[in-house]
Amino acid sequence: MGSFPIPLTSISRPMPTPPESGPRWYALPLLVLGATGFAAGWLLLALSLDRTCSWLALLAALDMVLLLRLSRWPADASRMLLALASTAGVIALANGLIAGGQMGKSLGMRPWEAALKIGPDYAWLLVQLATDRVDIALYAASLALAAWLGAVSGRRPTPSTH
């Protein structure tokens with residue numbers, strides 16, 4: 001058997017291609033679907049417990065950041081803004097649906113039907129009447145959590161397997 005002209009140790013491995021750093025196309029539909037689903041779950045829990053369940057806003061913030069991270073949205077200011085906006089959207093949608101659901105209970109309607117019938121002004125009035133200082137503090141904390149985790153999550157590279 002002959003020897004190789006180039007030692008095997010000097011053969012270099014091909015460089016792995018860096019992961020795509022741009023936004024993924026499926027991230028925004030995933031975020032909308034996740035936010036809508038979370039708001040629907042929040043509505044069901046709030047109507048079954050007959051409470052606003054504002055503590056769920058913190059979980060919504062974690063969920064929105066997780067969805068952005070799983071869709072590999074770049075860890076920059078856009079991730080922070082999307083996490084913040086989607087968390088605020090979940091809070092607004094859930095509170096509007098809860099207000100409609102409370103009215104719908106007394107009128108024999110489904111929550112989404114009642115939310116569309118009562119209109120945004122009456123829903124806003126009902127949300128203001130049902131919201132106290134603890135709820136506002138939890139909503140503010142969830143927005144701060146979404147902004148902070150959206151800005152810092154995913155900045156550290158994963159450890160190498162070599």
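Tyr-26 sits in the segment before helix 1, which spans 27–49. This is a predicted model. Its secondary structure comes to 5 helices and 0 strands. From the N terminus on, the order is α-α-α-α-α. Of the 162 residues in the protein, 34% are buried.

**Surface patch ahead of and into helix 1**

- Tyr-26 is partly exposed, because its relative accessible area of 30% falls between the 20% limit for buried and the 50% limit for exposed.
- Tyr-26 joins Trp-25 and Leu-30 in a nonpolar surface patch.
- The patch covers about 350 Å².

**Packing of helix 1 and helix 2**

- Two packed helices are described by the angle between their axes and the distance between the axes.
- Helix 2 covers residues 56–70 and packs with helix 1 at an angle of about 160°.
- Their axes are 10 Å apart.
- The pair is therefore roughly antiparallel, since angles over 145 degrees count that way.
- The crossing of helix 1 and helix 2 is right-handed.

**Loop between helix 1 and helix 2**

- Asp-50 lies in this loop, between helix 1 and helix 2.
- The phi of Asp-50 is near 60°, a positive value in a residue other than glycine.
- Arg-51 is also placed in the loop between helix 1 and helix 2.
- Arg-51 is exposed, because its relative accessible area is 60% and the cut-off for exposed is over 50%.
- Arg-51 and Ala-130 are 79 residues apart along the chain, yet 8.9 Å separates their C-alpha atoms.

**Salt bridges**

- The structure holds 2 salt bridges.
- Side chains of opposite charge can pair when their charged atoms come close.
- One salt bridge joins Lys-105 to Asp-50, with the closest N and O atoms 4.0 Å apart.
- This pair links distant parts of the chain, with the two positions 55 residues apart in numbering: Lys-105 is in helix 3 (residues 77–107), and Asp-50 is in the loop between helix 1 and helix 2.
- Lys-105 has a relative accessible area of 45%, so the residue counts as partly exposed.
- Asp-50 thus combines a positive phi with a salt bridge to Lys-105.
- Another salt bridge joins Glu-113 to Arg-110.
- In the Glu-113 and Arg-110 pair, the closest N and O atoms are 3.5 Å apart.
- Glu-113 is partly exposed, because its relative accessibility is 30%.
- Arg-110 is partly exposed too, with a relative accessible area of 48%; that value is under the exposed cut-off, which requires over 50%.

**Loop between helix 2 and helix 3**

- Arg-72 is placed in the loop between helix 2 and helix 3.
- Arg-72 is not a glycine, but its phi is positive, at about 60°.
- Arg-72 is exposed, because its relative accessible area is 53% and exposed means over 50%.

**Points to check in the viewer**

- For the nonpolar patch, select Trp-25, Tyr-26 and Leu-30.
- For the link between distant parts of the chain, select Lys-105 in helix 3 and Asp-50 in the loop between helix 1 and helix 2.
- For positive phi outside glycine, look at Asp-50 and Arg-72.

Note on methods
Residues numbered from 1 in each chain as written. Predicted model: local features only at pLDDT ≥ 70, side-chain atom pairs only at ≥ 80, totals over all residues. Heavy atoms only, no water. Patch = residues over 30% accessible without salt bridge, like charges linked within 9 Å, V, L, I, M, F, W, Y side chains within 5 Å. Areas by Shrake-Rupley, 256 points an atom, 1.4 Å probe, with all protein chains shown as cover. Salt bridge = Lys/Arg side-chain N within 4 Å of Asp/Glu carboxyl O. Helix = DSSP H or I, 4+ residues; strand = E, 2+ residues; numbered from the N terminus. Buried < 20%, exposed > 50% of the residue type's maximum accessible area, 1.4 Å probe, protein only. Axes fitted to C-alpha atoms, helices over the stretch in contact; angles between N-to-C directions. Parallel < 35°, antiparallel > 145°, perpendicular 65-115°, else oblique. Left-handed = near helix turned anticlockwise from the far one by under 90°.
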